[in-house]
Amino acid sequence: VEIPAMRLTGLRYEGSNANGEIPRLWDEQFLLRFREVVGNVETFNLYGVARDLPGSEPGVFEYLAAGETHSEDAIPKGMITWDVPGGLTAVLAADNVPNLGPVNEYFLQRWLPEHNWHLESNGCYLLEVYPPEFSSTGIIYLHFPVKRK
């Protein structure tokens, strides 16, 4: 699927998520404040973005729990904005948060080698899309930037 470039605003995490820090970022911080960014979650996607952190130790990355904004939107206090590049993505569905890791592993270890594609090095290696119906279905769409070999 070709996705457009987008501007996302939210709360940032840096680390390896060894102790479940990302779910806590969502549950204890961003979900309490998301309306400052998107207003009504019933009509907007929420996003999680993981990207490489240059110069960091192996396994350390940065992550943003966010909503889409526009250049003229004010950034809420304590939040930051990332511009996520558009491009071609492979999309896999995960059935709720506990399955994000297994779907990610399947994509990297099985799907990529079997389909003659590779990850596109655009700085963003995973875009999680939480659609408005996520609270009732639990389905999350994982977008991986790809390019033909």
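In this predicted model, the buried residues of α3 are L100, V103, F107, W111 and L112. The helix α3, which spans residues 100-115, does not run straight, for a bend of about 40° is found at F107, one of the buried positions just named. Just after α3, N116 adopts a positive phi of about 60°. An α-helix has 3.6 residues a turn, so residues three or four places apart point the same way.

In soluble globular proteins, nonpolar side chains tend to be buried together. The largest nonpolar core here comprises 30 residues, and those with the most contacts inside it are W26, F30, L46, Y63, F107, Y130 and L142. The largest share of this core, five residues, is contributed by α3. Apart from this core lies another, of 11 residues, which includes M6, L8, V49 and A66. When neighbours within four places in sequence are left aside, Y130 is in contact with W26, F44, N45, L46, Y47, G48, Y63, L100 and I140.

The largest pocket has a volume of about 650 Å³, and of the 26 residues that line this pocket, Y63, V97, L100, E128 and Y130 are the closest to its centre. Two or more lining residues are given by each of α1 (21-33), β3 (46-52), β4 (61-69), α3 (100-115), β8 (124-130) and α4 (134-137). By class, the lining of the largest pocket consists of 19 nonpolar, four polar and three charged residues. Among the residues closest to the centre of the pocket are thus Y63 and Y130, which also appear among the residues with the most contacts inside the largest nonpolar core.

Conventions:
Residues numbered from 1 in each chain as written. Predicted model: local features only at pLDDT ≥ 70, side-chain atom pairs only at ≥ 80, totals over all residues. Heavy atoms only, no water. 1 Å grid on protein atoms, 1.4 Å probe; cavity = no way out; pocket = protein on both sides within 12 Å on 5 of 7 lines; lining within 4 Å. Points joined across faces, edges and corners; volume = space filled by probe spheres on them. Helix = DSSP H or I, 4+ residues; strand = E, 2+ residues; numbered from the N terminus. Nonpolar A, V, L, I, M, F, W, Y, C, P; charged D, E, K, R; others polar. Bend = angle between axes of the 7 residues up to and from the residue. Buried < 20%, exposed > 50% of the residue type's maximum accessible area, 1.4 Å probe, protein only. Core = buried A, V, L, I, M, F, W, Y, C linked by side-chain atoms within 4.5 Å. Contact = heavy atoms within 4.5 Å.
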